[in-house]
Amino acid sequence: MKLSVEAVRDFFKSRGINLEVKIFEDTSTVEKAAESLGVTPGEIAKSMLFKLKDKYIMVVTAGDKRIDNKKFKETFKAKAKMASPEEVLEVTGHPVGGVCPYGLKNPVEVYYDISLKKYEIVYPAAGDVNAAVEVKIEDLDKIVEGE
């Protein structure tokens, strides 16, 4: 999946964003990522792709949070239905475990959960199960505009 990591690096470079994609032994789950990075699970920014009736959206939450189905339905007027691993790869260009809102293959609306505001810095994946990037909370919306 080096192409996916390169897409993330190219995304940052093309926008003049000075963020370093770091490669670790295993950041494929929130727990493993937190351990590898020496941070709490909440500081891992978990990016999830959902399929709505006519489009896909990405929700980024603190790693220790779960989707509240009731709130999801109220917000998006649809039941929370995660995209399949094949859909995730096709839509984002990133494999499950490496999904992030950076360097996407196709445009996707991004929504940042308020759970992220608890932290100054979070660590989203960066296109591969072993890649992550350190991002200041205040910069999340500057890098990829989201709601």
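This report describes the overall build of a predicted protein model and then several of its residues in their surroundings.

## Overall architecture

The protein chain of this predicted model contains 5 helices and 7 strands, and from the N terminus on these elements follow the order α-β-α-β-β-α-α-β-β-β-β-α. Along its principal axes, the C-alpha trace of the protein chain spans about 35 × 30 × 25 Å. For 147 residues a compact globule would be expected to have a radius of gyration near 15 Å, and the 14 Å of the protein chain agrees with that expectation.

Of the 147 residues, 45% count as buried. When contacts between residues at least 6 apart in sequence are considered, 57% of them join residues at least 24 apart.

## Surface and charge

The protein chain exposes about 8600 Å², of which carbon and sulfur atoms supply 51%. The chain carries 23 positive and 25 negative charges, and the mean positions of these two sets are 5 Å apart.

## Helix H4 and strand S2

Helix H4 covers residues 85–92, and its buried residues are Glu87, Val88, Val91 and Thr92. Seen down the axis of H4, these buried residues fall within an arc of 100 degrees, so they line one face of the helix. The partners against which the buried residues of H4 pack are S2 and strand S3, the latter formed by residues 56–62. Just after H4 comes glycine 93, which takes a positive phi of about 85 degrees.

Strand S2, spanning residues 44–51, includes serine 47. Because its relative accessibility is 12%, below the 20% cut-off, serine 47 counts as buried. Leaving aside residues up to four places away in sequence, serine 47 touches Met58, Val59 and Val60, together with Val99, Cys100 and Pro101.

## The loops on either side of helix H3

Isoleucine 67 is placed in the loop between S3 and helix H3, which comprises residues 69–76. With a relative accessibility of 25%, isoleucine 67 counts as partly exposed. Apart from residues up to four places away in sequence, isoleucine 67 touches Met48, Phe50, Val59, Thr61, Phe72 and Ala80. Isoleucine 67 and aspartate 113 are separated by 46 residues in sequence, while their C-alpha atoms are 9.4 Å apart in space.

Lysine 77 is found in the loop between H3 and H4. The phi of lysine 77 is near 55 degrees, a positive value in a residue other than glycine. At 61% relative accessibility, lysine 77 counts as exposed, because the cut-off for that class is over 50%.

## A buried leucine in the loop between S4 and S5

Leucine 116 has its place in the loop between strand S4, residues 109–112, and strand S5, residues 121–124. Although leucine 116 belongs to a loop, its relative accessibility is 2%, and leucine 116 therefore counts as buried.

The contacts of leucine 116, not counting residues up to four places away in sequence, are made with Ala45, Val60, Thr61, Ala62, Val122, Ile137 and Leu140. Threonine 92, one of the buried residues of H4, is 24 residues from leucine 116 in sequence, and the C-alpha atoms of the two residues are 22 Å apart in space.

Conventions. Residues are numbered from 1 along each chain as its sequence is written. This is a predicted model: local features need pLDDT of at least 70, side-chain atom pairs count only at pLDDT 80 or more; totals for chains, interfaces and linings use all residues. Side-chain values use heavy atoms; hydrogens and water are left out. Helices (H or I, at least four residues) and strands (E, at least two) are DSSP runs, numbered from the N terminus. The radius of gyration is taken over C-alpha atoms; the globule rule is 2.2 Å times the number of residues to the power 0.38. Buried means under 20% relative accessible area, exposed over 50%, partly exposed in between (1.4 Å probe, protein chains only). Contact means heavy atoms within 4.5 Å. Accessible areas come from the Shrake-Rupley method with a 1.4 Å probe; for residues, only the protein chains shown count as cover. Lys and Arg count as positive and Asp and Glu as negative; His and the chain ends are not counted. The place of a charge is taken as NZ of Lys, CZ of Arg, CG of Asp or CD of Glu. The arc is that of the directions from the helix axis to the C-beta atoms.
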